[in-house]
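User: I should like to go through this structure by way of its side-chain contacts and its core. Please reason each answer through to the value or name requested.

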Amino acid sequence: MHLVTMDKFIKPLISIACALFLAGCSSTGKIDYMVVSGSTDEGNDIFATLIEFDGRWSVPAGAMSCCRATAGAMAGVYGQKFPEKVAVEWLDKSENRIYFGEVAIDKAGYKLAKNLPNFSYYTGEVEDEIFPYLIIGMGETGEIKVWISNTPSAGFTGRVLHELGSGQAQWRENQ
């Protein structure tokens, strides 16, 4: 084979291989619909002032007092790219501290969100229209957690709850 002919064959092959590699690395994409919410430890009264994703979009925040890994005040989100990070800020009323921080979200979350299993109610009825619940937890000592679930709370047969990220917030006194 001539060098020129081989060159014409190799360059397109390398381009195709690179394109396939880059497509395989793209692990997040748009989610048609998901539910996003904040949560805190039971009995910990907080006021969340910021829940923002990738510095591009946010959901309404507000008062929370219950419960860990449970979807509290929920917001439906349409057609957004599954987030790679979340920034949060909240006032912990019991300590009079403002906590703030940012947590990276595991890119595997997108695949989990797209493949969440069915669950059943206490009646035995199986729910087959599954929406991902992205739950942002803000703990009483500044702990930040991110979970993905197929239900808003415990109490359903077949509930899955995957942790996608965690971190520690910084704090400052509330003036």
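User: Is Lys-145 buried or exposed?
Analyst: In this predicted model, the relative accessible area of Lys-145 is 13%. The cut-off for a buried residue is under 20%. Lys-145 therefore counts as buried.

User: Which residue forms a salt bridge with Lys-145, and how far apart are the closest N and O atoms?
Analyst: Side chains of opposite charge can pair when their charged atoms come close. The partner here is Glu-143, which is partly exposed at 26% relative accessibility. A salt bridge requires nitrogen and oxygen within 4 Å. The pair meets this limit, since the closest N and O atoms of Glu-143 and Lys-145 are 3.7 Å apart.

User: Which residues are linked with Glu-143 and Lys-145 in a network of salt bridges?
Analyst: The structure has a count of eight salt bridges. Glu-143 and Lys-145 belong to a network of them, and the other members are Asp-41, Arg-68 and Glu-163.

User: Which strands hold Lys-85 and Glu-102, and how many residues apart are they?
Analyst: The side chains of Lys-85 and Glu-102 meet in a salt bridge, at 3.8 Å from N to O. Lys-85 is partly exposed, with a relative accessible area of 34%, whereas Glu-102 is exposed at 52%. The bridge links distant parts of the chain: Lys-85 lies in strand β6 and Glu-102 in strand β7, 17 residues apart.

User: What is the distance between the closest N and O atoms in the salt bridge of Lys-81 with Glu-84?
Analyst: Lys-81 counts as partly exposed at 24% relative accessibility. Glu-84 is likewise partly exposed, at 29%. The closest N and O atoms of Lys-81 and Glu-84 are separated by 2.8 Å.

User: What geometry does the aromatic pair of Tyr-33 and Phe-131 have?
Analyst: Among the eight aromatic pairs of the structure, Tyr-33 and Phe-131 have ring centres 5.0 Å apart and planes at 80 degrees. The pair links distant parts of the chain, with Tyr-33 in strand β1 and Phe-131 in the loop between β9 and β10, 98 residues apart. Planes over 60 degrees apart give one class, so the pair is edge-to-face.

User: Which residue joins Tyr-33 and Phe-131 in one aromatic cluster?
Analyst: Tyr-33 is partly exposed at 24% relative accessibility, and Phe-131 is partly exposed at 30%. The cluster they form has one further member, Tyr-78.

User: Over the face of which residue does Arg-97 lie?
Analyst: Arg-97 is placed 3.5 Å from a ring centre. The limit for a charge over a ring is within 6 Å of that centre. The ring beneath Arg-97 belongs to Trp-171.

User: Which element gives the most residues to the largest nonpolar core?
Analyst: The largest nonpolar core has 31 residues, and Ile-51, Phe-53, Phe-82, Val-86, Trp-90 and Leu-134 touch the most other members. Several elements supply at least two residues each, including β1, β6, β7 and α2. The highest contribution is four residues, and it comes from β2.

User: How many residues make up the other core?
Analyst: This other core lies apart from the largest one. Ala-71, Tyr-133, Ile-135 and Trp-147 are among its members, and its size is six residues.

User: What share of the residues of the protein chain counts as buried?
Analyst: The protein chain contains two helices and 13 strands. Of its 175 residues, the buried share is 38%.

Notes: Residues numbered from 1 in each chain as written. Predicted model: local features only at pLDDT ≥ 70, side-chain atom pairs only at ≥ 80, totals over all residues. Heavy atoms only, no water. Core = buried A, V, L, I, M, F, W, Y, C linked by side-chain atoms within 4.5 Å. Buried < 20%, exposed > 50% of the residue type's maximum accessible area, 1.4 Å probe, protein only. Phe/Tyr/Trp six-rings, centres within 6.5 Å; stacked < 30°, edge-to-face > 60°. Lys NZ or Arg CZ within 6 Å of the ring centre and 35° of its normal.
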